[in-house]
Amino acid sequence: METTHPHHDGSPAQEVHPVDQIRPVGKLFLFAIQHILVMVAAPVSSVFLIARALNLSEALSSALLSSVFVFCGLGSILQSVGIGRIGVRLPFIMLPGGAATILFISIAQGTDLQTAAGAVILTGIFYILAVTLFVRILKYFPPLVIGTMVVVIGISLVKVTGLLFTGRPGTEHFGDPWQLLLALATIALTVLCFRFLRGFLRQLSVALGLVGGTLFAMALGETHFISLAAGPVISTPTLFPFGMPHLDLVAAIPMLVWSLASMAEATGQTVINGEIVGREVDPPRDVPRVIRSDGIISIIGGLFGTPVMVTSGENIGIVRASGVRSRYVTAVAGALLVVIGFTPLARMLNGIPPAVVGGTAVVVFAIISVLGIQMLARVDFTRTGNLVTCTLALALGLLPVLIPGMYHSLPANVQTIFGSGVAMSALVAVLLNLLFHHCGGKQGCDDPAEKPDARPQARPANYRI
């Protein structure tokens, strides 16, 4: 519900949208911690992958972990609070991109760490420069396209986080019963919290489920918080940790190509976030604000050795599950992430068992897919063009998710697009939407028996182009 703030002079109170409400301090912190507990696996695993793949020293790894947390925090604050035309002023959390982390490692292995850092900076610059052109094609991203993308985003995230408790097929610990038990116990506790708690505590169901799963893991001896506490008391980001970045445009091409898919994904996340919080989203105005923030944080983060930082859809499920829509919750979460970046807590959070994090994340990310389905439910699928567009975009978008590496024989730059389920679903949906709704004289009338404009494509109430 919207609240009102009465004026001192007795004039009518002004309504405050739930997104702009400032909750009591205690609740703000608890809701913020819930966001952090769900997203913490991403920055930790990102640094772990980079450190392991590139044989970084312990000191360098610690400085990189500090940098990633700090810039996750600063990016979350920027998106939530906004400065002018930078930051969308919606409840968003920023994270190191998963694909961006892999590309960072690939570029570093093919060249060196300075070139990888330079590629991150070039990608940030490209975000800012390309968004002006990108905004001109947003009219080709109607709810049909956005909804399909959001479904694929959710399913992709479920698969990635599911591996946290299943392990990877073919490895020794794949399908370990104890890890499956931990994940299922966490999911069950989360569901029980949603079912039996009320009010404020119910809004914290995701965090309570994760804490309960962690306590269960402790009882089974599956945690190691104490050993992780060892190390420096204060960690600080290091400027130019790999040396002066080398700006090599050719080496950065894979990351630049990926950034196009990232911008399409940001479009879907912005629209669905607006849907959840009930605030009207104007894509030509709001999507550039999201992308500019990603670009600025990535440029500065690149100076401190981080991979490309992107506004993530991971917290959108939390907003929907908790019903807490205030952007100040994620702003406080950002501030806490900055503080965590300077303390041993960044290392200790890695002590939460992956299976517990995975169980929590699967619930949250599945919600994202359901939100995409909810958006698609407004589309008129009696029209052949809408049906074919959604069908093929889902099929071709889910194939690389279900069959990883299916495009391994193609050139690397092509793999970057085709191998991403989100990028592939966006590409197919946009092209088919153009074919059925923007080509020829009937402008969207794809059924011969249907008169033009007789059955307009449904759109969310708060979505406009």
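# A tour from Lys 159 to the helix crossing

Begin by selecting Lys 159, which, leaving aside its neighbours within four places in sequence, is in contact with Val 401, Leu 402 and Pro 404, where contact means heavy atoms within 4.5 Å. The model is a predicted one, in which local features need pLDDT of at least 70 and side-chain atom pairs count only at pLDDT 80 or more, while totals for chains, interfaces and linings use all residues. Residues are numbered from 1 along each chain as its sequence is written, and side-chain values use heavy atoms, with hydrogens and water left out.

Lys 159 is found in helix α6; helices (H or I, at least four residues) and strands (E, at least two) are DSSP runs numbered from the N terminus. With a relative accessible area of 33%, Lys 159 is partly exposed, the scale being buried under 20%, exposed over 50% and partly exposed in between, with a 1.4 Å probe and protein chains only. If Val 362 is added to the selection, its C-alpha atom is 8.2 Å from that of Lys 159, although 203 residues separate the two along the chain.

**Helix α19**

Select residues 421-437 next, which form helix α19. Its 17 residues reach 23 Å from the first C-alpha to the last, close to the 24 Å expected at 1.5 Å a residue, the expected span being 1.5 Å times one less than the number of residues. The helix is mostly covered, with twelve of the 17 residues buried, among them Gly 421, Met 424, Val 428, Leu 432 and His 437. To see what the buried residues of α19 pack against, show α6 (143-166), α11 (253-277), α17 (384-402) and α18 (412-418).

**The nonpolar cores**

Which two residues have the most contacts inside the largest nonpolar core? They are Phe 104 and Met 255, in a core of 119 residues, where a nonpolar core is a set of buried Ala, Val, Leu, Ile, Met, Phe, Trp, Tyr and Cys residues joined through side-chain atoms within 4.5 Å. Helix α16 (residues 354-376) gives the most to this core, with eleven residues. A second, separate core has five residues, including Leu 144, Val 151, Leu 376 and Val 379. Centre the view on Phe 104 and, leaving aside neighbours within four places in sequence, its contacts include Ile 50, Leu 54, Leu 113, Phe 242, Met 255 and Pro 307.

**Pro 353 and helix α9**

Move on to Pro 353, in the loop between α15 (345-348) and α16, which counts as buried at 4% relative accessibility. Beyond its neighbours within four places in sequence, Pro 353 is in contact with Leu 182, Thr 214, Ala 217, Glu 222 and Thr 223. Thr 214 and Ala 217 are also among the buried residues of α9, so selecting that helix is a natural continuation. The 15 residues of α9 (205-219) should span 21 Å at 1.5 Å a residue, and the end C-alpha atoms are indeed 21 Å apart. After the helix comes Gly 221, whose phi is positive, near 75°.

**Positive phi outside glycine**

Most residues other than glycine have a negative phi, and two loop residues are worth selecting with that in mind. Asn 55, in the loop between α2 (41-54) and α3 (58-81), has a positive phi of about 55° although it is not a glycine, and Asn 55 is exposed, with a relative accessible area of 69%. Phe 240, in the loop between α10 (225-229) and α11, has a positive phi near 50°, and Phe 240 is partly exposed at a relative accessible area of 29%.

**Arg 289**

Is Arg 289, to be selected in helix α12 (residues 283-303), buried or exposed? Arg 289 is buried, with a relative accessible area of 19%. Its contacts, leaving aside neighbours within four places in sequence, are Gln 79, Gly 84, Arg 85, Ile 86, Gly 87, Val 88 and Arg 89.

**The crossing of α1 and α14**

Finish by selecting helices α1 (residues 25-39) and α14 (residues 327-341), which pack at an angle of about 65° with their axes 8 Å apart. Axes here are lines fitted to C-alpha atoms, for helices over the stretch in contact, and angles run from 0 to 180 degrees between N-to-C directions. Among the residues making the contact are Leu 28, Phe 29 and Ile 36 of α1 and Tyr 328, Val 332 and Leu 336 of α14.
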